[in-house]
Amino acid sequence: MKHFLNTQDWSRAELDAVLDEAAAFKASKYGQQMAGKTIALVFFNPSLRTRTSFEVGAYQMGGHAVVLAPGKDAWPIAFEPGAVMDGEAEEHIAEVARVLSRYVDLIGVRAFPKFVDWTEDREDRVLRGFARHATVPVINLETITHPCQELAHALALRERFGSDLRGRKYVLTWTYHPKALNTAVANSALTIATRLGMDVTLLCPNDQYLLDERYMGWAKANVAESGGSLQVSHDIDAAYKDADVVYAKSWGALPFFGNWADEKPMRDRYKHFIVDERKMALTREGRGLFSHCLPLRRNVKASDGVMDSPHCIAIDEAENRLHVQKAVMARLLRG
Ligand code: CP
């Protein structure tokens with residue numbers, strides 16, 4: 001069964017084909033690629049962009065989406081094999097995934113980490129549980145990676161720079177946020193930027209903010225294959241200098257996972273990682289592109305001036321979620 005759990009599972013040729021098809025969907029909105037087909041969108045966490053773009057995308061291709069929120073409007077689910085279900089959960093993923101597979105043609109799953117124990121969260125058990133038991137393709141709507149966001153970001157970069165992104169200087173910068181957030185988008189940005197052969201700098205306050213070794217490892221393997229490069233920097237001005245792209249995201253420091261009160265005093269010392277006009281002026285000819293997956297707290301993660309600049313492509317990237325996801329759904333339905 002072919003799923004879309006991570007871009008790393010798909011070949012470069014498959015990803016390029018999805019991006020090409022997404023560009024075609026952008027040019028021509030309506031079709032029948034999903035006529036008579038359905039997708040269940042299972043949300044364990046809130047969403048604006050993901051839910052809207054998948055529902056609208058299914059509609060525009062002649063299909064239909066059903067949205068479910070387990071524990072709210074659907075039964076709470078147990079995921080552990082052999083679970084003795086004497087707690088909150090009313091049914092097991094073994095039944096949920098197989099029953100949904102009898103009704104629908106695709107299943108999308110959003111399940112953020114529980115933020116208590118990274119060794120558990122990094123197993124991605126909810127998504128893996130759906131993928132293991134479903135008999136239809138499963139799409140990751142953001143768990144500990146966000147592959148749909150990666151494709152939308154890649155399409156936005158292709159629109160500005162063309163399809164060959166090799167040699168572009170790409171900065172993934174940590175930014176302040178009052179809460180410790182998911183590393184998913186950072187893991188994903190690192191993955192796709194290295195896959196596309198860019199010269200990637202991971203800018204973060206100190207080594208405590210390095211990403212999980214799985215994603216650092218993917219990035220290293222990707223640059224070896226793609227001809228790009230990877231470096232880690234804690235020097236803001238050096239990282240921004242001559243950057244073609246600045247991608248911002250906040251995330252929690254993994255050594256403090258589950259002990260966020262202990263991370264907070266350190267985090268609060270790094271509010272100056274905000275993306276602002278002074279830093280963006282250091283980028284290539286002061287015209288480097290800026291983007292973020294959204295939602296974004298203005299004047300905390302990025303200034304109004306950056307968000308409202310013509311070099312900000314965050315809205316294009318958000319729009320592209322619709323087009324790339326239509327391409328992913330259409331491809332998975334074609335088998
Ligand atoms: N970027 C993104 O996934 O947005 P939502 O959380 O609103 O779906």
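The exercises below work through the ligand site, the two sheets and two backbone exceptions of a predicted model.

Residues are numbered from 1 along each chain as its sequence is written. In this predicted model, local features need pLDDT of at least 70 and side-chain atom pairs count only at pLDDT 80 or more, while totals for chains, interfaces and linings use all residues, and side-chain values use heavy atoms, with hydrogens and water left out.

**Exercise 1. The ligand site**

Identify the residues around the ligand and explain why the ligand lies between two domains.

Step one is to list the residues that have a heavy atom within 4 Å of the ligand: they are Ser47, Leu48, Arg49, Thr50, Arg110, His146, Gln149, Cys293, Leu294 and Arg321. Sorted by class, this shell holds three nonpolar, four polar and three charged residues, where Ala, Val, Leu, Ile, Met, Phe, Trp, Tyr, Cys and Pro count as nonpolar, Asp, Glu, Lys and Arg as charged, and the others, Gly among them, as polar.

Step two is to look for polar contacts, which are pairs of N or O atoms within 3.5 Å. The side chain of serine 47 places an N or O atom 2.7 Å from a ligand oxygen, and the side chain of threonine 50 likewise has an N or O atom 2.7 Å from an oxygen of the ligand. For histidine 146, a polar side-chain atom is 2.8 Å from a ligand oxygen. Of the 260 Å² of accessible area that the ligand has on its own, the protein covers 93%, as computed by the Shrake-Rupley method with a 1.4 Å probe.

Step three concerns the domains, whose bounds come from an automatic or database domain assignment. Because domain 1 (7-145 + 321-334) and domain 2 (149-317) both give residues to the shell, the ligand lies between them.

**Exercise 2. The two sheets**

Determine the strand order of each open sheet and name its edge strands.

Strands are DSSP runs of E with at least two residues, and helices are runs of H or I with at least four, numbered from the N terminus; two strands pair if DSSP finds at least two bridges between them. The four-stranded sheet has the order 2-1-5-6 with parallel pairing, and its edges are strand 2 (64-68) and strand 6 (138-140). Within it, strand 1 (residues 38-43) pairs with strand 2 over five bridges, and isoleucine 39 stands opposite alanine 65 in strand 2.

The five-stranded sheet, also parallel, runs 9-8-7-10-11, with strand 9 (229-233) and strand 11 (289-291) at its edges. Strand 7 (residues 169-174) and strand 10 (residues 245-249) are joined in the parallel sense by five bridges, and leucine 172 has tyrosine 247 of strand 10 as its bridge partner.

**Exercise 3. Backbone exceptions**

Locate the cis peptide bond and the positive phi of a residue that is not a glycine.

Most residues other than glycine have a negative phi, and most peptide bonds are trans. The bond from leucine 294 to proline 295 is cis, with omega near 5°, and proline 295 sits in the loop between strand 11 and helix 12 (304-307). Glutamate 142 has a positive phi of about 115° and belongs to the loop between strand 6 and helix 6 (147-161).

How values were computed. A polar contact is a pair of N or O atoms within 3.5 Å; within protein, one must be able to donate a hydrogen and the other to accept it, and residues adjacent in sequence count only if both atoms are side-chain atoms.
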